[in-house]
Amino acid sequence: MKDDEIQILIDVFNSLNDLSLKNQRDILNELNKCLAECTQDIYDFKIKFEDAELFEKLMFQIIYHNSSLEKLSDGSIINIREQSLKINDLSAIYSLARLQLETFINLSYNFFIDCKYSKKLRIYVYKIQGLRKQISLSEKHRKDFPPVLKMRKELAEEIFKLRKLNEYGKLSYKEREKLIRPNHAKLLKPEEIYKLIEIRDLSKSHSLYSNHIHAEYIGIRQLRSSIKDITNFENSSSTVFLIFNTITCSVIKNLTDLYLPDGNSYSKVNLKLRKLIEMTNSISKKA
């Protein structure tokens, strides 16, 4: 290994151990640029596959949430009686963390992990459950209301595709009915999905930030504490950035390994960023 490569590895190691808000922000900024370029490769390489629209939507949500976190961490200014007051909205950052975790879990469940159910079957059931739920929430609208008609048409199409699967035909009548009218969007339990994704403390993080958004009193306390103590805001925000960085590294690896051909944007990023992504993914699996 050359001296300059050794130095790059040392720099990456030091960067990963620097938990300051500024450093974690800088890392996410570079990772998000890389992810955006790799996502654009889907168009540039004219990659087409069934449910690519859902895939791209989830990918862009990851990118947008990354960008939103950077903006939120800047804080905002409100004017009170001709005085400017900077607000660090920690409760909003925690809410965004929950959104990002759930988007990542949905993306991984539908497109990245392997399990006893095929990706096609998982996606069809995922869509069927979502459409049925949305239609049930529209019961007060008349049946010929255009948006409801559109959802019913989409539901019929997804059920038709599901029934054409050989995998579906091998199931018992009772099992098939559970797929046609699923109680849950996912066919695996959360704990099973966490293990297959292989990211450290994903279960704990998902539980933690889900609780933050549901507990209004906790959110109020967080807002007050972040206003009074900037150090508390920076430390808590840095932890969220660390989670986002880990998620983004995992998405980049899965996207490039499973969907992109040689010569993609990831193969062209600088060596330091590539090593940072590789090292982050390696640490996540071992933790």
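Is Glu56 buried or exposed? In this predicted model, Glu56 is buried, because its relative accessible area is 15% and the cut-off for buried is under 20%. Let's use that residue as a way into the structure.

Before zooming in, here is the overall picture. The protein chain has 13 helices and two strands. Its C-alpha trace spans about 60 × 60 × 35 Å along the principal axes. Of the 287 residues in the chain, 41% are buried. If you take the contacts in the chain with a separation of 6 or more, 77% of them are between residues 24 or more positions apart.

Now back to Glu56, which is found in helix H3. Leaving aside residues up to four places away in sequence, Glu56 touches Ile42 and Tyr43. Both of those partners have numbers that fall within helix H2, residues 21-44. For a sense of distance, the C-alpha atoms of Glu56 and Asn166 are separated by 27 Å, with their positions 110 residues apart along the chain.

The two helices can be followed from end to end. H2 has 24 residues and reaches 34 Å from its first C-alpha to its last, close to the 34 Å expected at 1.5 Å a residue. Just after H2 comes Lys46, with a positive phi of about 55 degrees. H3 has 22 residues and reaches 32 Å between its end C-alpha atoms, close to the 32 Å expected for it. Just after H3, Gly75 takes a positive phi of about 80 degrees.

H3 also has a helical partner further along the chain. Helix H3 (residues 52-73) packs with helix H4 (residues 90-112) at an angle of about 160 degrees, and their axes are 10 Å apart. Angles over 145 degrees count as roughly antiparallel, so H3 is roughly antiparallel to H4. Their crossing is left-handed. On the H3 side the contact includes Leu54, Phe55, Leu58, Met59, Ile62 and Leu69, while on the H4 side Ile93, Leu96, Leu99, Phe104, Leu107 and Phe111 are among the residues involved. Polar residues take part as well, including Gln61 and Asn66 of H3 and Gln100 and Asn110 of H4. Taken together, the residues of this contact divide into 15 nonpolar, nine polar and no charged.

Next, have a look at the backbone in two loops. Most residues other than glycine have a negative phi. Arg81, however, has a positive phi of about 50 degrees although it is not a glycine. Arg81 lies in the loop between strand S1 (76-80) and strand S2 (83-87). With a relative accessible area of 81%, Arg81 is exposed.

The second loop is the one between helix H9 (190-197) and helix H10 (202-214), where Glu198 is found. Phi of Glu198 is positive too, near 60 degrees. At 40% relative accessibility, Glu198 counts as partly exposed.

Which residues does Ser284 touch? Not counting residues up to four places away in sequence, Ser284 touches Glu198, Ile199, Arg200 and Thr246, which brings us back to the loop that holds Glu198. Ser284 itself has its place in helix H13 (residues 271-286). At 3% relative accessibility, Ser284 counts as buried, whereas its contact partner Glu198 is partly exposed.

Methods:
Residues are numbered from 1 along each chain as its sequence is written. This is a predicted model: local features need pLDDT of at least 70, side-chain atom pairs count only at pLDDT 80 or more; totals for chains, interfaces and linings use all residues. Side-chain values use heavy atoms; hydrogens and water are left out. Axes are lines fitted to C-alpha atoms, for helices over the stretch in contact, and angles run from 0 to 180 degrees between N-to-C directions. Helices (H or I, at least four residues) and strands (E, at least two) are DSSP runs, numbered from the N terminus. Angles under 35 degrees count as roughly parallel, over 145 as roughly antiparallel, 65 to 115 as roughly perpendicular and the rest as oblique. A crossing is left-handed if the near helix is turned anticlockwise from the far one by less than a right angle, and right-handed if clockwise. Contact means heavy atoms within 4.5 Å. Ala, Val, Leu, Ile, Met, Phe, Trp, Tyr, Cys and Pro count as nonpolar, Asp, Glu, Lys and Arg as charged, and the others, Gly among them, as polar. Buried means under 20% relative accessible area, exposed over 50%, partly exposed in between (1.4 Å probe, protein chains only). The expected span of a helix is 1.5 Å times one less than its number of residues.
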